[in-house]
Amino acid sequence: MLPSAVSDSRVHNILPNKIDTDFQFSRASAATRVNHQGLIENVGYFSDELVQNGNFSELGSELVTNGDFATDSDWVIPAGWSINNGKAIANFSGGATGRLTQNISFVQNKTYKVVFTISDYEQGNIRIEFRQGGGNTISGDYTGNGTYTLYQVADFNHTQLSIRGLGDAVLKVDNISVKQVDPNDDWILGTGWSLGDGVASRTSQSGSSLLRSNSFTLTVGKTYKCTMTVSNYSNGGVRFATDNVGFTVHSANGTYTEILTSTGTVFSLKGNADFAGSVSNISVVEVQGDKPRLDYDPLNPTCPHLLLEPQSTNEINFSEDFTKWNLLGVTTVEYVSDLVNPDGSVGGYKISGEGIYVNNGVGMTGAPTSTSGRSIYARTVSGTGSVQLLSYSNNTNNVFTVNENWQRFELNSTAIVPANFYGVDFRGASTTISEIYLFAAQSDSLDIVTSYIPTAGAAETRVAETCNNAGNADTFNSTEGVLFVDYASLSNSGNYRLICLSDSTTSNRVFIGFRLDTGYIYYFVIVGGSTVASHITSTTSLNFSKVAVKWKANDFALWINGSEISTDTSGSSFSANTLNTLQMNEGDGAGFDFYGKVKGLATYNRALTDTELYTITSTQYSAYSGMVAALGNYTIPC
């Protein structure tokens, strides 16, 4: 596949060179590929962050003047209070009370962060009050030495701040600060919602209520990636909502990400009637589209393939920060500032110890299931070497060389002995290596190993991708032709995975694919709902295979890697102008999406000769340009 063959949301046809015949590509999340330099690279694009103050940390300007009591000005000082040596001193040992006040304007229903320090405490307590303007907002009692933080909602448009000494208070106050939380009014709080230390919290109420963003609007019909963290959960549920229409309910602590199509213009978090908990780290970005991934084999960096994968989740919460792992038998985990990682970034981790092994029990939502695929990048301090990885008893499946230093180690579910993720396991290995560099650990939610999904504190999901709807009725010759593909599967397991030329239904189609659970290459020609030719091989395609199916009335054939595998000399063909679309699914867009690797995909508008079929499927031609040059039909410049 040519590097110029893809662009935003399209896989381009070379012939005919018309945009309305291109494949339409879709994946509503970012994903990674290996580029031609052998580096892991993120592919995918979203809008800039739409949410303002998504972590509820923005504060307004300081409202208190002389909060450090450097002078005795700016405060109204009653009997029982004094200001001296940079502190406000309360002395009410006689049982009187008094308020140290300053005129400050507060806004009704707005939240304020109040910080102050009590020192030289002897007895009694103080309260923070917002006063005047129709009533008072009063805090609880504070007693004892310490620095205190209070989030208080103004019940009225108050005009005064008060520090009230109560009863027999004998103590000192210093460094009082008052700042409005969410000063730009980015959030509108529904019933029961309040803002606190980097979170928005809600207590159980009699009805559902919204925490509504006031900083941006959604567009109906557009797709958005929404993320939030739920903490301090005790009851009920919370969900993303657009114009009060809620999506999936979340009823536990955790970080949640959803891809949503907006049904309204207002973005909210909707707390159910009994929801009690906190939310933070709110993020909304528009999914503007995505580029197909041309993935490169580091050992053959000139010939990429289109990579198509199903949805998978990296269940490891910290895929690159190994200080967050539960390390067993490890002497040190050391950050190395000049380590060049497989993605080209600088700075990573060295694990040291004798007979070390790394077990990820911390930073997960639970131990990965026994059906997950595992992978990790590793290298010795001096470069690649004899390293045993991902194994409990010498059961690493695959080792791939990334460059002169790094290797990727992979293990699928059939070889997993323990349920836990063992990133490095030297037990039983004949090696003297005592330190190693690690990068990009992954435990897939699938039973196969997929491309790397970075995480940084929570599991992350790469959603499924599709590539369909190429061509039209004018593109294809229905009565005879050849469907050719140079492809490989991701695994022998899984559902049917098909590449299909059809009439947008399953009644008229030619498809090549991988069989259910076996990965065997097979083909079918179905005309008017009846099978007229087919063959199921016993050839799996974890490695690339060049496959061609020829169809013509009473002349059908299957070729694989330069050999004729099957022929059929009986059967009808399609009527003219029947076939109108080339799709990587069962033909009607409804199921059996193709997942795998595709180097080349072509249709020919005549039934090729055996010599030509040998030529296009022969393994002697490593690239499309070599094949077409051999056919003599086209000249492809280098």
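# A tour of sheets, pockets and a salt bridge

Select β24 (293–297) and strand β25 (residues 300–308): four bridges join the two, which run antiparallel. Helices (H or I, at least four residues) and strands (E, at least two) are DSSP runs numbered from the N terminus, and two strands pair if DSSP finds at least two bridges between them. Within this pair, Arg293 has Leu307 of β25 as its bridge partner.

The model is predicted, so local features need pLDDT of at least 70 and side-chain atom pairs count only at pLDDT 80 or more, while totals for chains, interfaces and linings use all residues. Residues are numbered from 1 along each chain as its sequence is written, and side-chain values use heavy atoms, with hydrogens and water left out.

**The seven-stranded sheet.** Extend the selection to the open sheet β24-β25-β47-β38-β43-β44-β45, where the pairing is antiparallel. At its edges stand β24 and β45 (563–568), each with a single partner strand, so one side of each has no neighbour in the sheet. Neighbouring strands are turned by 30 degrees against each other on average, direction ignored. Axes here are lines fitted to C-alpha atoms, for helices over the stretch in contact, and angles run from 0 to 180 degrees between N-to-C directions.

Now add helix α1 (residues 610–617). The helix lies across β38 (481–489), β43 (545–551), β44 (556–560), β45 and β47 (596–604), and runs at about 155 degrees to β43. Contact means heavy atoms within 4.5 Å.

**The largest pocket.** Keep β24, β25 and β47 displayed and add β4, β32 (398–401) and β33 (407–411); each of these strands supplies at least two residues of the lining of the largest pocket. The largest share, four residues, comes from β25. The volume of this pocket is about 1200 Å³. To centre the view, pick Phe400, Arg408, Glu410, Val449 and Lys597, the closest to the pocket centre of the 42 residues that line it. The lining divides into 16 nonpolar, 17 polar and nine charged residues.

Pockets and cavities are found on a 1 Å grid over the protein atoms alone: a cavity is a set of points where a 1.4 Å probe fits but cannot get out, a pocket is an open set with protein on both sides within 12 Å along at least five of seven lines, and lining residues have an atom within 4 Å of a point. Grid points are joined across faces, edges and corners, and a volume is the space filled by probe spheres set on the points. Ala, Val, Leu, Ile, Met, Phe, Trp, Tyr, Cys and Pro count as nonpolar, Asp, Glu, Lys and Arg as charged, and the others, Gly among them, as polar.

**The second largest cavity.** Select Leu218, Tyr224, Cys226, Thr242, Leu260, Thr261, Ser262 and Phe267, which line about 40 Å³ of space. Five of these residues are nonpolar, three polar and none charged. β18 (223–235) and β21 (254–261) each supply at least two of them. These two strands pair in the antiparallel sense over eight bridges, with Thr229 partnered by Thr255 in β21. Eight bridges also join β18 to the antiparallel strand β23 (residues 276–289), where the partner of Thr229 is Ser280.

**A salt bridge.** Finish at Glu465 and Arg27, whose side chains meet in a salt bridge (2.4 Å, N to O). Glu465 lies in the loop between β36 (460–462) and β37 (466–468) and Arg27 in the loop between β3 (23–26) and β4 (31–34), so the pair ties together parts 438 residues apart in sequence. A salt bridge is a side-chain nitrogen of Lys or Arg within 4 Å of a carboxyl oxygen of Asp or Glu.
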